[in-house]
There are 2 protein chains.
Amino acid sequence: MEPIFLRPLGAIHTPYREIAGMPIQSVGAVGVAGWIELAPEFQAGLQDVAGLEYLILIYHLHRQTSARLSVIPFLDNQPRGVFATRSPQRPNALGLSIVRLVAVDGLRLDVEDVDMLDGTPLLDIKPYVPAFDVRHTERVGWFAGNAHRAVQARADERFTPPAGEAA
Amino acid sequence: MEPIFLRPLGAIHTPYREIAGMPIQSVGAVGVAGWIELAPEFQAGLQDVAGLEYLILIYHLHRQTSARLSVIPFLDNQPRGVFATRSPQRPNALGLSIVRLVAVDGLRLDVEDVDMLDGTPLLDIKPYVPAFDVRHTERVGWFAGNAHRAVQARADERFTPPAGEAA
C-alpha cells in the first residue's frame, strides 16, 4: 500500500518543552492552558467550532524518531504490545487528545487539558460528540487497576530520543 | 512546517464497497462485522490487545481526493466548518472510529461496529480506555438535536468523488 502524506494545519502551543515531567494523558492535564495556531488557509473550517466544548486533536508526535512494537508504558513496569498502549513510540507517530475548548478568536483556539509538547504539528480537529464517542466497558486489559493513575502520572525519559536524534 | 509521511499498517475489511448507503458513525454500525489484516512486520505490537473491548482506529480516508473547509454534513442541511463536523472531506483525510474487538488470531483482528470502506488503509490502533476517553457535555454545537440521528442515518453521494477521480 502506498505511503500517505499529511500536512500540518498549524501548531499546538503548550507549557511543555520537554517530555520528562509531562502529563501522559489529557485527563492528567485538566485545566492546563494551551492554544492552537491554525494556518490562515484553514480559517473557514473553524465555522461552528465555537459551539463545542470538547475537541479531538490528532497530531504528529514530532519528537519521536523511532518506533517500537513492544514498550513499557508509563503506567506499567512490563512490556506491552504498542497497540495495547498509548505510548508515543508507535509505527505511525500519531497522537490523539481530547481538549476542552475555551475560546475561538480568528485563527487562535484557546484550549485546556493539553498533554502534548509545545510546537506539536496539528493534523486534524474533530468535534467530540458524546453520542458518537462514549463507550463504557470494564474490559480494558492491562489498564485494569492502572488507568486511574494517569491523572497523577508524569512522563519520564523512557520515550525521549537520545540527544541529537530529536528533530 | 514539513509534510509528514505515514505508512499503512494493514487494511480494514468491511461490507462497504461504496460510500452511498454506509453508516456515518460506528454507533450506526453496531454489530456490523469487519476485520483488520495487519502487515506481518507489526505483529509483535498486538501483544495484550486481546484483553481490550474497544479499539480506536485511525485510518486514511483513501477515497477522498479533495478537501473542503465548508461542508453540508449528512446530519444537517446547511454548511458547517469542516472542523465542526466528522465529514470525510477534510484537509488531512484522517478517519477515526471506535470499534468493538471480538477476537485476535495472528495478524487478523475480528471487529464489530465498522463504518469505513472495505480496504481502508489502517494507520494506528489505540486502546479505548474509558478513564481517558469519556467526556460528558451538553455543549455540542450544531449536533444538539442531531447527533442521535447518526444511529439511523446513512451516507449519500455528497462526499463521493466524481467518477474517475477516486483512486
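**Exercise 1. The barrel of chain B**

Task: In what order do the six strands of chain B close into a barrel, and what is the sense of their pairing?

Solution. The structure is a predicted model. Going round the barrel of chain B, the order is S2-S3-S8-S7-S4-S9, with antiparallel pairing. From one strand to the next, the twist averages 45°.

Next, take one pair from this ring. Strand S7 (residues 94-105) of chain B and strand S8 (residues 108-112) of chain B are antiparallel and are joined by five bridges. To place one residue in this pairing, start from Arg100(B): its bridge partner in S8(B) is Glu112(B).

**Exercise 2. The barrel of chain A**

Task: Which strands form the barrel of chain A, and how many bridges pair S4 with S7 in chain A?

Solution. Begin with the list of elements. Chain A has nine strands and one helix. Read from the N terminus, they run β-β-β-β-β-β-β-β-β-α.

Six strands of chain A close into a barrel, in the order S2-S3-S8-S7-S4-S9, and the pairing is antiparallel. The twist from one strand to the next averages 45°.

Strand S4 (residues 54-60) and strand S7 (residues 94-105) of chain A pair in the antiparallel sense over seven bridges. Within this pair, Ile58(A) has Leu96(A) in S7(A) as its bridge partner.

**Exercise 3. The nonpolar core**

Task: Which residues touch the most other members of the largest nonpolar core, and what does Leu55(B) contact beyond its sequence neighbours?

Solution. The general tendency comes first. In soluble globular proteins, nonpolar side chains tend to be buried together.

The largest nonpolar core here has 94 residues. Those that touch the most other members are Leu55, Leu57 and Ile58 of chain A, together with Leu55, Leu57 and Ile58 of chain B.

Now follow Leu55(B). Setting aside neighbours within four places in sequence, Leu55(B) is in contact with Val99(B), Leu101(B), Ile125(B), Pro127(B) and Tyr128(B).

**Exercise 4. The dimensions of chain A**

Task: Why does the radius of gyration of chain A agree with that of a compact globule?

Solution. Chain A has 167 residues, and a compact globule of that length would have a radius of gyration near 15 Å. The value for chain A is 16 Å, so the two agree.

The box gives another view: along the principal axes, the C-alpha atoms of chain A fill roughly 45 × 40 × 35 Å. Of the 167 residues in chain A, 50% are buried.

Contacts add the last step. Of the contacts in chain A between residues at least 6 apart in sequence, 78% join residues at least 24 apart.

**Exercise 5. How the two chains meet**

Task: What rotation superposes chain B on chain A, and which strand of chain B gives the most to the side that touches chain A?

Solution. Chain B is superposed on chain A by a rotation of 180° with 0.0 Å of shift along the axis, at an RMSD of 0.0 Å. That is the relation of a two-fold axis.

For the contact itself, 63 residues of chain B are in contact with 63 residues of chain A. Elements of chain B that each supply at least two residues to this side include strand S1 (4-6), strand S4 (54-60) and helix H1 (130-133). S9(B) gives the most, with six residues.

Finally, compare the two sides. In chain A, 100% of the interface residues of chain B are also interface residues, so the copies meet through the same surface.

**Exercise 6. Three loop residues**

Task: Are Asp113(A), Asp48(B) and Ile72(B) buried or partly exposed?

Solution. A residue counts as buried with 20 or more other C-beta atoms within 10 Å of its own.

Asp113(A) lies in the loop between strand S8 (108-112) and strand S9 (120-127) of chain A. Asp113(A) has 23 such atoms, so it is buried. Its phi is near 75°, a positive value in a residue other than glycine.

Asp48(B) sits in the loop between strand S3 (33-38) and S4 of chain B. Asp48(B) is buried, also with 23 other C-beta atoms within 10 Å. The phi of Asp48(B) is near 75°, which is positive. As a general rule, most residues other than glycine have a negative phi.

Ile72(B) is in the loop between strand S5 (70-71) and strand S6 (80-81) of chain B. With 15 other C-beta atoms within 10 Å, Ile72(B) is partly exposed. Residues up to four places away in sequence not counted, Ile72(B) touches Asn77(B), Gln78(B), Pro79(B) and Arg158(B).

Key:
Residues are numbered from 1 along each chain as its sequence is written. Chains are lettered from A and ligands numbered from 1 in the order in which they are written. This is a predicted model: local features need pLDDT of at least 70, side-chain atom pairs count only at pLDDT 80 or more; totals for chains, interfaces and linings use all residues. Two strands pair if DSSP finds at least two bridges between them. Helices (H or I, at least four residues) and strands (E, at least two) are DSSP runs, numbered from the N terminus. Axes are lines fitted to C-alpha atoms, for helices over the stretch in contact, and angles run from 0 to 180 degrees between N-to-C directions. A nonpolar core is a set of buried Ala, Val, Leu, Ile, Met, Phe, Trp, Tyr and Cys residues joined through C-beta atoms within 7 Å. A residue is buried if 20 or more other C-beta atoms lie within 10 Å of its own, exposed if 12 or fewer, and partly exposed in between; C-beta atoms are placed from the backbone. Two residues are in contact if their C-beta atoms, placed from the backbone, lie within 7 Å. Copies are superposed by least squares on the C-alpha atoms of residues with pLDDT of at least 70 in both. The radius of gyration is taken over C-alpha atoms; the globule rule is 2.2 Å times the number of residues to the power 0.38.
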